[in-house]
Amino acid sequence: GAAIEFHSTEQVLAPPSPGCPFSIPRVALQMFGLAWPGRNLAETLRALGGGLEIRTAVDLPMGSGLGASSILAATVVRALAQMLGIELSDQALSDQVMRLEQLMTTGGGWQDQAGGIFPGAKLIFSGPGLRQRLRVEPIGWSESRQGEFSERFLLYYTGIRRIAKDLLTQVVGAYLAREVAVVQVLHSIKTLALEMAYAMREGDWERLGALIDRHWNLNQILDPHTTNAPINALLEQMRPQLAGAKLAGAGGGGFLLLLAKDPDAARRLRKKLEHWSAPGGAVYEYRIAGDGLRISA
């Protein structure tokens with residue numbers, strides 16, 4: 001329910017503040033030229049027909065690890081483009097979100113937005129270079145296979161908040177320095193994505209769980225701080241019911257992705273988590289979106 005009003009160009013152009021809920025719309029206004037040094041904000045808005053009100057809502061805690069900030073940025077950019085009569089393809093929209101995140105100094109924006117822009121469960125590839133040339137391939141699983149997955153998969157919020165900026169800076173810096181261990185781990189993670197897609201398509205849930213665990217181990221090689229004592233203790237308690245588990249995104253907190261061994265194990269796990277939750281912890285309901293990002297009047 002927080003709100004803020006900007007009355008001057010200087011307010012909109014103030015340095016970004018990562019973690020501030022108003023940073024995304026403020027930087028988006030800068031990108032579209034609605035705030036420009038030496039230009040009066042009131043005059044700019046009058047030329048467009050009046051003031052501008054932007055309302056955003058995200059049913060996720062900040063620092064969730066689910067890419068919510070990039071997806072929110074995509075919605076704001078697309079809405080402003082629509083308002084100004086600017087056509088943006090999905091690829092161009094993704095590019096603009098990466099630009100916005102870099103301007104915000106959060107260091108992200110390479111791929112998270114694609115999860116919301118494009119529909120369903122999918123593999124996303126990009127070529128080398130600064131501009132991410134996305135190629136999106138649906139998993140290609142059947143409706144019944146997707147149902148099997150949903151019966152086994154849980155999202156649990158740990159109640160621990162974190163911002164990914166420091167980890168991103170560290171990992172990207174190590175990659176650019178071509179540190180051998182980091183390059184090898186990132187290559188292995190890329191290969192894991194392909195293997196996970198095959199396991200999901202074939203309904204090989206035991207194999208998928210093992211791949212998720214492997215991914216989690218690789219995350220910890222990239223940065224030991226991606227986990228902590230409370231997370232380790234929680235996973236240890238849940239392990240008898242689990243096929244695989246990892247923290248979403250950069251880790252350190254946010255959401256745990258939990259794949260149970262079978263539907264019965266998932267029900268036991270849910271019950272246990274609902275009765276035993278860390279402060280702020282909660283099981284979140286979810287669904288796999290059949291539609292990508294879209295404008296509704």
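Q: What is the relative accessible area of arginine 145?
A: This is a predicted model, where local features need pLDDT of at least 70, side-chain atom pairs count only at pLDDT 80 or more, and totals for chains, interfaces and linings use all residues. Residues are numbered from 1 along each chain as its sequence is written, and side-chain values use heavy atoms, leaving out hydrogens and water. Arginine 145 is partly exposed (buried is under 20% relative accessible area, exposed over 50%, partly exposed in between, with a 1.4 Å probe and protein chains only). Its relative accessible area is 24%.

Q: Which residue does arginine 145 meet in a salt bridge?
A: In a salt bridge, a side-chain nitrogen of Lys or Arg is within 4 Å of a carboxyl oxygen of Asp or Glu. For arginine 145, the closest N and O atoms of the bridge are 3.6 Å apart. The partner is partly exposed, at 26% relative accessible area. Its name is glutamate 148.

Q: Which helix holds both arginine 145 and glutamate 148?
A: Helices (H or I, at least four residues) and strands (E, at least two) are DSSP runs, numbered from the N terminus. Arginine 145 and glutamate 148 are three residues apart, about one turn of their helix. That helix spans residues 143-152 and is H7.

Q: How many salt bridges does the structure hold?
A: The bridge between arginine 145 and glutamate 148 has company elsewhere, including one between glutamate 274 and arginine 270. For the structure, the number of salt bridges is 10.

Q: What is the N to O distance in the salt bridge of arginine 267 and aspartate 264?
A: Both residues lie in helix H12 (residues 263-275), and because they are three residues apart, about one helical turn separates them. Arginine 267 is exposed, at 53% relative accessibility, whereas aspartate 264 is partly exposed, at 43%. Their side chains meet with an N to O distance of 2.3 Å.

Q: Which residues does a network of shared salt-bridge partners join?
A: Glutamate 274 and arginine 270 sit four residues apart in helix H12, about one turn of the helix. They form a salt bridge whose closest N and O atoms are 3.9 Å apart. Arginine 270 is partly exposed, at 26%. Salt bridges that share partners join into one network Arg270, Glu274 and Glu285.

Q: How many aromatic pairs does the count give?
A: Rings of Phe, Tyr and Trp (its six-membered ring) pair if their centres lie within 6.5 Å; planes under 30 degrees apart are stacked, over 60 edge-to-face and the rest tilted. By this rule, the number of aromatic pairs is seven.

Q: How many residues apart are phenylalanine 153 and tyrosine 286?
A: These two form an edge-to-face pair, 5.8 Å centre to centre with 90 degrees between the planes. Phenylalanine 153 is in strand S3 (residues 153-157), and tyrosine 286 is in the segment after strand S6 (282-284). Phenylalanine 153 is buried at 13%, while tyrosine 286 is partly exposed at 27%. The pair links distant parts of the chain, and the separation in residues is 133.

Q: Which tyrosine forms an aromatic pair with tyrosine 157?
A: The pair is edge-to-face, 6.4 Å centre to centre with 75 degrees between the planes. Tyrosine 157 lies in strand S3 and its partner in strand S6, so the pair ties together parts 127 residues apart in sequence. Tyrosine 157 is buried, at 7% relative accessibility. The partner, partly exposed at 24%, is tyrosine 284.

Q: Which residues form one aromatic cluster?
A: Phenylalanine 153 and tyrosine 286, an edge-to-face pair, are among them. The cluster is formed by Trp141, Phe149, Phe153, Trp205 and Tyr286.
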